[in-house]
Amino acid sequence: MIFGVHPSVQVGELPSVGDASLSGYLARQHDAVLRSEIALAEGDSRVVVLVGRSSTGKSRACWEAIRDVLPGWSVWHPLAPTRPTAVLEMLRGKSLRPRTVIWLDEMQLYLAAGPDGEEVASSLHELVQDRSRGPLLVLGSMWPGYIDQFSRESASDHAAARLLLRAARIIDVPQDFTERELTALHERVRADCDPGLRLAAQRAGTRVCQFLAGAPELKARYNQAEATTRAVVWAAMDARRLGHGRLLPEGFLRRAARGYLEAGVWDQADADWFPQALSTLTAPCLGVPGPLVAASDGSLADRHYKLADYLDQLGRVQRGDLYPPTGFWNAVAAGIADPTDLISLAQAAWARGRLRRAEQLFRAAAEHQGSKALMGLAAALLGREDGDDRRLAEQLYRLAADQGEPDAFAHLAGMSLRAERPAEAERLYRQAAEQGSARGLEYLADVLHRSGDRTAAADLYRRAADGGSVQALSKLAGIRRDAGDVDGEEQLLWEVADHGYSGELGALACRRDRAGDPAGAERLLEEASPPIYWRRSIADARLAAGDREGAERVLLAAVKTGDAASALHHLAELRVKSGDRAGAERAYRQALVRRDTFATLQLAVLREEAGDYEEAVGLLEDITANSGRAAGSHPSQEGYATGALQHLVWLRLRLGDPDAAYQAACTLADHGQPTELMAMGWQRDKDGDREGALRLFRAAADRGHDDAFFGLMVITSRSGDQELAKRVEREAAQRGRTRWLLEVAIIRAKAGDRHAAVELYRRAADGGNACARQRLSFFVRRPVDGVDVADHRLHPTAWHSDTAELVSQVWFREITGDQAGADAAALEAAHRGNHRGLINLAWLRADAGNADSADQLLQQAVDGGNIFALERLAESRAQAGDHPTAIALYRRAAAEGYTFAWQELAKLHDAIDNPDAADEAARQAALLGNTDALLHLAQSRETAGELASARRLASQAADCGRSYALQLLYQLVTKSEGTDMADRLRRFGLDDDGTVAAPPDSGPRGTEGGNRSFPPPGWGS
């Protein structure tokens, strides 16, 4: 697999990338977006990331786009010695040439590598901002779950990755082909003889890319594998979904797989069962790699394997709620040495209430990497806003304290203080101080200081400072200040500054200036060079006191000492406040010598306000020419360029140059700011220039800003050009902008044009807009007058080959009273493979009270193989009391792959008092990753007083790691076995088999409060 491009199933002779044989390529909707973004890299460096599930064609789309759009560029795929290390070594060496594509297939492997991953992210972000090293293109791909993980604000351990992705252009890659794309596929197959595409057209359904990447073959081999072979896959699946890295040690797989085999199977297994399983799993088929791929040669002990991406994702869905057997966890403890993997698996065990397993693996991680690993993870968890993470952090600090980490006691003490347990906090701080922790010493010094013993406090602050606490130095300086020892305070604050915190000296300068010692304040500012904030504070205070000369003197001194740009900015602002606009302009012009973009923009604003439009335009054009607007430029520079262009638009209009204003507005729209284009459009419309308004709104829409369709639809609907109006409406519907269709429909309805309103409501409803559907029901009750149902547009001979148009006609015919025509349109669409018309029509008939007709329509969709129609028909039959038929339909839908049907089937069995069948259906749903059915049944059984059954179901749901399931389990144990057993559950968690763990044989250990075990997620203390 070269560059991450999956080889295609081999059918005849195929082209290739490296050693990977490929079928022909069929461009899809996202390809146009990708290629336009890649083309922009010729101007400035940028980051583009494709997001989609496994085997959806992300890497192939990137490869094809690079070949077509950037044919002269080099491609660098950093892999060895490790992916993050390869990136960092190249970037540190600064040997990367311009016009290079940095190919980061599976980008999460570069960004989720702990501190190295964060360094990779920050280095790449810095690289694309450095215009002297470009142009470059960072091109990545990622699964949806990972980008969600990186994008969460609470993910403090991925701050640099989040910043990088914010600067990136994210492009979604759907896993299913649209009807239009399927039509293009069939047309392509008829036009040429590509064997891979022909086979996909015949067998793939809507998931063409997955078929070509061999996903069906992988699934078949997995489903048909012998027990021993499947056990190896299960071990790999469980390890990956619970957090292990991609490379799985062979020794771990051998040990773990044994735990999945029943005694009878194990007894009959051959002695060489594991080599046979590996041979089967690593063998390719039809040119596609097998379920496992050997990642390295060498000794057996060092050999690792990668699980196929498709099976990796399949395991996350099918086994997402299953807790692995004891043998798996024993294999983890014995065969996993990487601390990162151990910590991830420990977190997974903890989230599932297996407290002892979690502790075992956390301790193993500490043995490999030391207590610092536990401290780092605990700190990261504390940065999140989740109570469960805080409880885990507390346990990790306790484990680190057991390893002899002094600061662990201090962190525990801080958590106790926040939990309002002061006595426990003081005891822990004393323990930390006894171990030499600077934080512990500082806390005890705080206690003594509050009690009035400043001498003893000062001694402890000094010891804490000697241990590395800068804050202790600052507090010691405060004691000196309170004692009137001005020189002693300054001496200590210089020590603080030596640690990089010169702001303390800036604060001292402010205090001296307020105390009437301006010379002393200015001396400190000159010698310490604190952040410009302190100079500005002093300058503002002096200006407020009427000392403008002194205020300017403080800021002008900074111009000579280093922070010239900020000082000149503040000086100009000070002069504007004083009414000296000429002086402010001089300050900004002085900053221009340093190519200061902010100063240029502010000067342009001042010149505009002064009526000097020509110079203002020149300054603004200078910003747009030099700041850069591509993704990856510095955010502030991009913001300045945006502001400059916005000013330019209106200045050009004021100067009578609409063409230049239009070009500036288009440039803004090209970079995500369509506001000016659309504002100009509304102004043109107000002035009566309808053609000019349409041109502006069209320019915004053509640049991907779908909100412009509202303006287009409003203006075209008033123009009288019905054909143009219909084209705009169809285009808006195709882009999913149903909200604007609805808004224009409301306008047309208020104007009395009910026929046009119905057509717009229908298009919006067909696009999934629930409000439009509700309004359509109003028109069904009040038929539209004067509608010619024999209109030629509704005749079958005029139907477009695109089945979406047929589905649209279903709505129109039904609401205009032509039920026979609606049936005909729905059946014709179904005949062409689109059953949505039948389903939509069934909804309309059901809403109108015609349940029999609705069922007949759904049955026709079912007969055509539509899974969703199966579930809808089952629901209808259940509501009608025909439970046997409903059950059969739900089972059929589930068998066809509609996993939600299992949950509905469980609810139905529960409602008709068939508990065993309900449990089985809920279990099947859980096997496919949906635990809601288990939770629903558990709550239902609890309400009915069946606590044992409810507890069993809650335990099953808890195995997927959901907090609510654990909380429910705790409540059920309290009700069924009392508070003692519930407390045992809270303290010791669950064993591997799901039973409540017993207290350790050695009895309680650790600090006061009992066993070192900690409350699992969702459980109260």
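What share of the 1021 residues of the chain counts as buried? In this predicted model, 50% of them do.

**Figure 1. The whole chain, with its helices and strands.** The predicted model has 55 helices and ten strands. Contacts between residues at least 6 apart in sequence were sorted by separation, and 59% of them join residues at least 24 apart. Of the 1021 residues, 50% count as buried.

**Figure 2. Confidence along the chain, with two stretches below 50.** The mean pLDDT of the chain is 75. A value of 70 or more is reached by 76% of the residues. Residues 6–20 have pLDDT below 50. Beyond near neighbours in sequence, the 6–20 stretch makes 52 contacts in the model. Residues 1002–1021 also have pLDDT below 50. Here the model shows 59 contacts beyond near neighbours in sequence. Where pLDDT is low, the predicted coordinates should not be read in detail.

**Figure 3. The largest nonpolar core, around L677.** This core holds 65 residues. L620, V649, L677 and L712 touch the most other members. Leave aside the neighbours of L677 within four places in sequence. L677 is then in contact with Y662, A665, C666, A669, L696, A699 and A700. Another core, of 56 residues, lies apart from the largest one. Its members include A854, A861, A921 and L935.

**Figure 4. The second largest cavity, lined in part by α30 and α32.** A search of the whole structure finds two cavities of 30 Å³ or more. The second largest has a volume of about 30 Å³. Its lining consists of R536, D540, L555, H570, E573, L574 and K577. Two elements, α30 (532–544) and α32 (564–577), each give two or more residues to this lining. The largest share, four residues, comes from α32. By class, the lining has four charged, two nonpolar and one polar residue.

**Figure 5. R99, a residue other than glycine with positive phi.** R99 sits in the loop between α3 (83–93) and β5 (100–104). Phi of R99 is near 60°. Is R99 buried or exposed? R99 counts as partly exposed because its relative accessibility is 36%.

**Figure 6. D913, in the loop between α51 and α52.** The helices on either side of this loop are α51 (900–911) and α52 (915–927). D913 is a residue other than glycine, and its phi has a positive value near 60°. The relative accessibility of D913 is 66%, so D913 counts as exposed.

Methods
Residues numbered from 1 in each chain as written. Predicted model: local features only at pLDDT ≥ 70, side-chain atom pairs only at ≥ 80, totals over all residues. Heavy atoms only, no water. 1 Å grid on protein atoms, 1.4 Å probe; cavity = no way out; pocket = protein on both sides within 12 Å on 5 of 7 lines; lining within 4 Å. Points joined across faces, edges and corners; volume = space filled by probe spheres on them. Nonpolar A, V, L, I, M, F, W, Y, C, P; charged D, E, K, R; others polar. pLDDT = per-residue confidence, 0-100. Contact = heavy atoms within 4.5 Å. Core = buried A, V, L, I, M, F, W, Y, C linked by side-chain atoms within 4.5 Å. Buried < 20%, exposed > 50% of the residue type's maximum accessible area, 1.4 Å probe, protein only.
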